[in-house]
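Please open the model in your viewer and keep the sequence panel beside it, since this tour moves from one selection to the next and says what is to be found at each stop.

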Amino acid sequence: MKVKLVDYRLFLVVLAANLLLYLWQPATARLSALNSTGFLLEVLSIVPPVMVLMGLLDVWVPRRLVESHLGPDSGAVGAGVAMLLGTAAAGPLYAAFPVAVSLRKKGARLANIVIFLGTWGAIKIPMILMESSFISLRFALLRLLLTVPCILACGYLMERLLPEQELQAQPDAVDA
């Protein structure tokens with residue numbers, strides 16, 4: 001029973017904070033509960049399609065395809081493919097993590113996973129179009145010019161700083 005409660009600690013902390021806040025400021029507590037419920041419903045509307053996508057990715061995309069395009073020997077092409085996948089993706093960043101885990105299990109190298117996640121979070125095609133129309137094309141291109149090398153550097157630095165043995169232990173923790 002205690003182990004199961006640990007899995008829900010964030011929910012329990014938010015619930016306790018809302019209850020304490022209700023004693024002190026009921027109106028703020030109601031607003032907080034509404035915001036928490038709205039976020040929960042948003043997550044619940046995104047997670048099922050992502051899980052379906054994960055199942056399809058597991059079945060339809062062979063391991064050798066991921067290894068050849070995103071694996072240890074993929075080089076600069078792998079980084080390009082990771083960036084392309086990240087820019088074409090839609091949805092919030094938390095939807096990218098199950099995709100990243102699946103790609104990792106299929107043999108993608110860590111640098112390409114980090115590049116994929118960084119690109120998903122910072123460089124989406126619709127975002128560039130919105131920036132260029134609202135702020136200016138010059139701003140969007142300058143931000144892109146500064147962001148891409150940073151994402152690439154983070155990917156390769158993360159791969160150098162994290163030992164492979166530590167990463168091998170992680171998939172078991174995710175499956176549990």
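## A tour by selection

Begin by selecting Glu 159 and Arg 109, whose side chains meet in a salt bridge with an N to O distance of 2.5 Å. This contact links distant parts of the chain, as Glu 159 belongs to helix α9 (residues 137-161) while Arg 109 sits in the loop between α6 and α7, 50 residues apart. Bear in mind throughout that this is a predicted model. If you colour by accessibility, Glu 159 counts as partly exposed at 24% relative accessibility, whereas Arg 109, with a relative accessible area of 16%, is buried.

How many salt bridges does the structure hold? There are three, and the next one to select is formed by Arg 143 and Glu 131, with the closest N and O atoms 2.7 Å apart. Here too the pair links distant parts of the chain, with Arg 143 in helix α9 and Glu 131 in helix α8 (residues 125-134), twelve residues apart. Are these two residues buried or exposed? Arg 143 counts as buried because its relative accessibility, 18%, falls under the 20% limit, and Glu 131, at 12%, counts as buried as well.

Now move to Glu 67 and Arg 63, which form a salt bridge whose closest N and O atoms are 2.9 Å apart. Both residues lie in helix α4 (residues 63-70), and being four residues apart they are separated by about one helical turn. Glu 67 is partly exposed, with a relative accessible area of 32%, and Arg 63 is likewise partly exposed, with 42%.

## The aromatic pairs

Show the aromatic side chains next, where a search of the whole structure finds two aromatic pairs. Select Phe 39 and Tyr 94, which form an edge-to-face pair, with 6.3 Å from centre to centre and 75° between the planes. The pair links distant parts of the chain: Phe 39 is in helix α3 (residues 26-60), and Tyr 94 is in the loop between α5 (75-88) and α6 (96-105), 55 residues apart. Phe 39 counts as partly exposed at 49% relative accessibility, and Tyr 94 also counts as partly exposed, at 27%.

For the other pair, select Phe 116 and Trp 120, whose ring centres are 5.5 Å apart and whose planes meet at 85°, so that this pair is edge-to-face. Both residues lie in helix α7 (residues 110-122), four residues apart, which is about one turn of the helix. Both Phe 116 and Trp 120 are buried, so a surface display may be best switched off for this stop.

With Phe 116 still selected, add Arg 104 and draw a distance between the two C-alpha atoms, which comes to 11 Å for residues that are twelve apart in sequence. Arg 104 is placed in helix α6, and with a relative accessible area of 23% this arginine is partly exposed.

## The surface patch and the largest pocket

Turn on the molecular surface and select Leu 5, Tyr 8, Phe 11, Leu 12, Leu 15 and Leu 19, which make a nonpolar surface patch of about 600 Å². Which helix gives the most to the nonpolar patch? Helix α2 (residues 9-24) does, with four residues. Leu 19, which lies in helix α2, is exposed, with a relative accessible area of 53%.

For the last stop, look for the largest pocket, which has a volume of about 360 Å³. This pocket is lined by 13 residues, and the ones to select are Leu 10, Phe 11, Val 14, Ser 36 and Leu 40, which lie nearest its centre. Keep Phe 11 highlighted as you change views, since this residue is named in the nonpolar patch and also among those nearest the centre of the pocket. Colouring by helix helps here, as α2 and α3 each supply at least two residues of the lining, and α3 gives the most, with six residues.

Notes. Residues numbered from 1 in each chain as written. Predicted model: local features only at pLDDT ≥ 70, side-chain atom pairs only at ≥ 80, totals over all residues. Heavy atoms only, no water. Phe/Tyr/Trp six-rings, centres within 6.5 Å; stacked < 30°, edge-to-face > 60°. Buried < 20%, exposed > 50% of the residue type's maximum accessible area, 1.4 Å probe, protein only. Patch = residues over 30% accessible without salt bridge, like charges linked within 9 Å, V, L, I, M, F, W, Y side chains within 5 Å. Areas by Shrake-Rupley, 256 points an atom, 1.4 Å probe, with all protein chains shown as cover. Salt bridge = Lys/Arg side-chain N within 4 Å of Asp/Glu carboxyl O. 1 Å grid on protein atoms, 1.4 Å probe; cavity = no way out; pocket = protein on both sides within 12 Å on 5 of 7 lines; lining within 4 Å. Points joined across faces, edges and corners; volume = space filled by probe spheres on them.
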